[in-house]
Amino acid sequence: MQALPRITVEVPVLGIGAGPSDFEALGNYVHALRRPQGLHLTLLHIGILEDFGRDVADWTKGITGGDEAIRQTAAWLRALPVLDGFVGTAARLLVLGGGGVAGLEVDVPRQVHDYQVSLVQGLHELLDSLLVDNVDDFILGSRALGYRYPHWVPHVAVGRPKSRDGQPTEIAPLPVVFGPSRIRNGRFLPAAT
């Protein structure tokens, strides 16, 4: 059985450093360095759409059905404006996910922060339209959304940390080039009606 895809709004990494050797050098700090082709920076995590619909239906005690939540969420995602590509800078590795993931912390331009804030505001408006009360509590409690931290830290997951101390590791600054925003697994969204 194939796992259901997770839906996120992300920007793909087009390049790190001056060439492949800069990225490969990160292998000095992490186990199982990820392939550069799949690297991305997540701007908003929705999760498995069916789980999100179920969370909304449970929270609203069935006032908004799961199928309706999925339909409206898919329409909202399709209507999002596209963030243009940009260049950020990474100068340290963070330990994330309870110690299981090493991520390049990326200093991103102001417009990227503004776009991410607009996504969260849009998510609030979507949830209001789905008749979710206590939206902030829902966001923190939804298993599909999976929010564990109150603020967004721009990062690109690159592997598993070699260090066990959980402390950030300073590295020589690297430019990180990102492409335009996209919906990861957008092809799995239900057809527009």
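This is a walk through some helices, strands and side-chain pairs of the structure above. Keep in mind that the model is predicted: local features need pLDDT of at least 70, side-chain atom pairs count only at pLDDT 80 or more, and totals for chains, interfaces and linings use all residues. Residues are numbered from 1 along each chain as its sequence is written, and side-chain values use heavy atoms, with hydrogens and water left out.

Let's start with helix α3, residues 66–78. Helices here are DSSP runs of H or I with at least four residues, strands are runs of E with at least two, and both are numbered from the N terminus. The expected span of a helix is 1.5 Å times one less than its number of residues. For the 13 residues of α3 that gives 18 Å, and the end C-alpha atoms are indeed 18 Å apart. Along α3, the residues G66, A69, I70, T73, A74, W76 and L77 are buried, where buried means under 20% relative accessible area, exposed over 50% and partly exposed in between (1.4 Å probe, protein chains only). These residues sit on the same side of α3, because they cover an arc of only 160° around the axis, taken from the directions from the helix axis to the C-beta atoms. What covers them includes β1 (6–16), β3 (40–48), α2, α4 (110–129) and β8 (182–184).

Also in α3, R71 and E68 form a salt bridge, with the closest N and O atoms 2.6 Å apart. The rule asks for a side-chain nitrogen of Lys or Arg within 4 Å of a carboxyl oxygen of Asp or Glu, and by it the count comes to six. R71 and E68 are three residues apart in the helix, so about one helical turn separates them. R71 is partly exposed at 38%, and E68 is partly exposed at 30%.

Helix α2 has a similar story: D51 and R54 lie three residues apart there, about one turn of the helix, and their salt bridge has its closest N and O atoms 2.8 Å apart. A salt bridge with a longer reach along the chain joins E10 and R184 (3.0 Å, N to O). E10 is in strand β1 and R184 in strand β8, 174 residues apart. E10 is buried at 0% relative accessibility, whereas R184 is partly exposed at 29%.

Now for the rings. The structure holds three aromatic pairs; rings of Phe, Tyr and Trp (its six-membered ring) pair if their centres lie within 6.5 Å, with planes under 30 degrees apart counted as stacked, over 60 as edge-to-face and the rest as tilted. One of these pairs is F52 with F138, edge-to-face at 6.2 Å centre to centre and 75° between the planes. It links helix α2 (residues 49–59) to helix α5 (residues 135–141), across 86 residues. W59 and F138 are also edge-to-face, because their centres are 5.4 Å apart and their planes at 85°. Ring pairs thus link F52, W59 and F138 into a cluster. Both F52 and F138 are buried, while W59 is partly exposed at 31%.

Finally, the strands. Strands pair if DSSP finds at least two bridges between them. Strands β4 (residues 86–96) and β5 (residues 101–107) run antiparallel over seven bridges, and R92 has E105 in β5 as its bridge partner. Their hairpin has four residues between the strands, and G97 takes a positive phi near 60°. Four bridges join β5 to the antiparallel strand β6 (residues 155–161), where A102 has G159 as its bridge partner.

Methods: Contact = heavy atoms within 4.5 Å.
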